[in-house]
Amino acid sequence: MSLLLHACCGPCAMYPVDTLLKDNREFDLFWYNPNIHPEYEWNRRLMNLHAVANHFDIRLIEGGDECLQAYWEEKTYLEEFQSRCHMCYDIRLDAVARFAAENGYDAFTTTLLVSPYQNHEVICDTARAKAELYGINFEYVDFRPGFREGQNMAREIGLYRQKFCGCIFSLEESKFKEKIYKSFEA
């Protein structure tokens with residue numbers, strides 16, 4: 001079965017990729033994350049995902065390069081979604097499900113399922129709805145037990161490990177905000 005694995009960043013991809021490879025799964029990585037801001041951060045996370053793809057010798061598909069920072073800042077998404085996180089999951093999982101269906105994959109999943117900091121239930125509900133919409137399977141895998149292992153693997157290969165979820169609001173809310181902004185200058 002061919003699987004499309006949506007990846008939000010390099011560190012979160014480490015454990016799921018390693019697990020799928022150990023299970024001899026056929027899969028490709030898929031990058032689509034217009035939620036990540038500012039552009040410098042978006043580029044840094046994509047570069048780290050390329051490092052993961054190279055490390056494991058797997059294919060990485062870049063699903064888009066649009067930046068939706070203005071959309072987040074306008075907050076018009078609240079007319080349709082309960083929160084910015086719901087909107088963020090919806091946009092990304094829609095893209096991966098649609099791409100998987102249009103390109104002959106049997107199923108899709110996401111590295112968002114590795115993080116204990118994400119809303120697991122909303123991610124799963126959204127992914128199932130997108131799977132039904134596009135007529136493709138959502139393969140649920142609870143990667144959370146391997147979160148720390150994946151972070152250690154990321155550290156071992158020298159990946160940048162971010163201190164905020166990705167959107168401009170999570171950056172502003174991060175207790176590491178000043179350190180993060182200084183890292184943009186480096």
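Which handedness does the crossing of H1 and H6 have? In this predicted model, the crossing of H1 and H6 is right-handed, and the paragraphs below place that pair of helices within the chain as a whole before turning to other helix pairs and to individual residues.

The protein chain contains 8 helices and 5 strands, and these elements follow one another along the sequence in the pattern β-α-β-α-β-α-α-β-α-β-α-α-α. Of the 186 residues in the protein chain, 55% are buried. Among the contacts that join residues at least 6 apart in sequence, 73% are between residues at least 24 apart. The surface exposed by the protein chain amounts to about 9,200 Å², of which carbon and sulfur atoms supply 46%.

Two packed helices are described by the angle between their axes and by the distance between those axes, and three pairs are considered here in these terms. For helix H1, which spans residues 10-22, and helix H6, which spans residues 147-156, the axes come within 7 Å and cross at roughly 110°. Angles of 65 to 115 degrees count as roughly perpendicular, and H1 and H6 are therefore roughly perpendicular to each other. On the side of H1 the contact is made by Pro11, Cys12, Met14, Tyr15 and Asp18, and on the side of H6 by Glu149, Gly150, Gln151, Met153 and Ala154. Divided by class, the residues of this contact between H1 and H6 comprise 6 nonpolar, 2 polar and 2 charged.

Helix H1 also packs against helix H2, which covers residues 39-56, with axes that come within 9 Å and cross at roughly 20°. Because angles under 35 degrees count as roughly parallel, H1 and H2 are described as roughly parallel to each other, and H1 passes H2 in a right-handed crossing. The residues of H1 that take part are Gly10, Ala13, Met14, Val17, Asp18 and Leu21, and they meet Arg45, Asn48, Leu49, Val52, His55 and Phe56 of H2. This contact of H1 with H2 is made up of 7 nonpolar, 3 polar and 2 charged residues. Met14 and Asp18 are listed in the contact of H1 with H6 and appear again in the contact of H1 with H2.

A further pair is formed by helix H4, residues 84-102, and helix H5, residues 120-134, whose axes come within 9 Å and cross at roughly 35°. The crossing of H4 and H5 is right-handed. From H4, the residues His86, Tyr89, Asp90, Leu93, Asp94, Ala97, Arg98 and Ala101 meet Val122, Ile123, Thr126, Ala127, Lys130, Leu133 and Tyr134 of H5. By class, the contact of H4 with H5 consists of 9 nonpolar, 2 polar and 4 charged residues.

Particular residues in the loops and helices add detail to this picture. Thr111 is located in the loop between strand S4, residues 107-110, and H5, and its relative accessibility of 0% is why Thr111 counts as buried. When residues up to four places away in sequence are not counted, Thr111 touches Leu5, His6, Ala7, Cys8, Cys12, Ala13 and Pro16. Among these partners of Thr111 is Cys12, which also belongs to the contact of H1 with H6, whereas Ala13, likewise touched by Thr111, is part of the contact of H1 with H2.

His50 has its place in helix H2 and, with a relative accessibility of 31%, counts as partly exposed. Once neighbours within four places in sequence are left aside, His50 is in contact with Leu60 and Glu62. Between His50 and Trp31, which are 19 residues apart in sequence, the distance in space from C-alpha to C-alpha is 9.7 Å.

Two loop residues have a positive phi although neither is a glycine, namely Asn24, with a phi of about 55°, and Asp57, with a phi of about 55°. Asn24 lies in the loop between H1 and strand S2, residues 26-31, while Asp57 is found in the loop between H2 and strand S3, residues 60-62. Residues with a relative accessible area over 50% count as exposed; Asn24, at 70%, is therefore exposed, and Asp57, with a relative accessible area of 70%, is exposed as well.

Technical notes: Residues numbered from 1 in each chain as written. Predicted model: local features only at pLDDT ≥ 70, side-chain atom pairs only at ≥ 80, totals over all residues. Heavy atoms only, no water. Axes fitted to C-alpha atoms, helices over the stretch in contact; angles between N-to-C directions. Helix = DSSP H or I, 4+ residues; strand = E, 2+ residues; numbered from the N terminus. Parallel < 35°, antiparallel > 145°, perpendicular 65-115°, else oblique. Left-handed = near helix turned anticlockwise from the far one by under 90°. Contact = heavy atoms within 4.5 Å. Nonpolar A, V, L, I, M, F, W, Y, C, P; charged D, E, K, R; others polar. Buried < 20%, exposed > 50% of the residue type's maximum accessible area, 1.4 Å probe, protein only. Areas by Shrake-Rupley, 256 points an atom, 1.4 Å probe, with all protein chains shown as cover.
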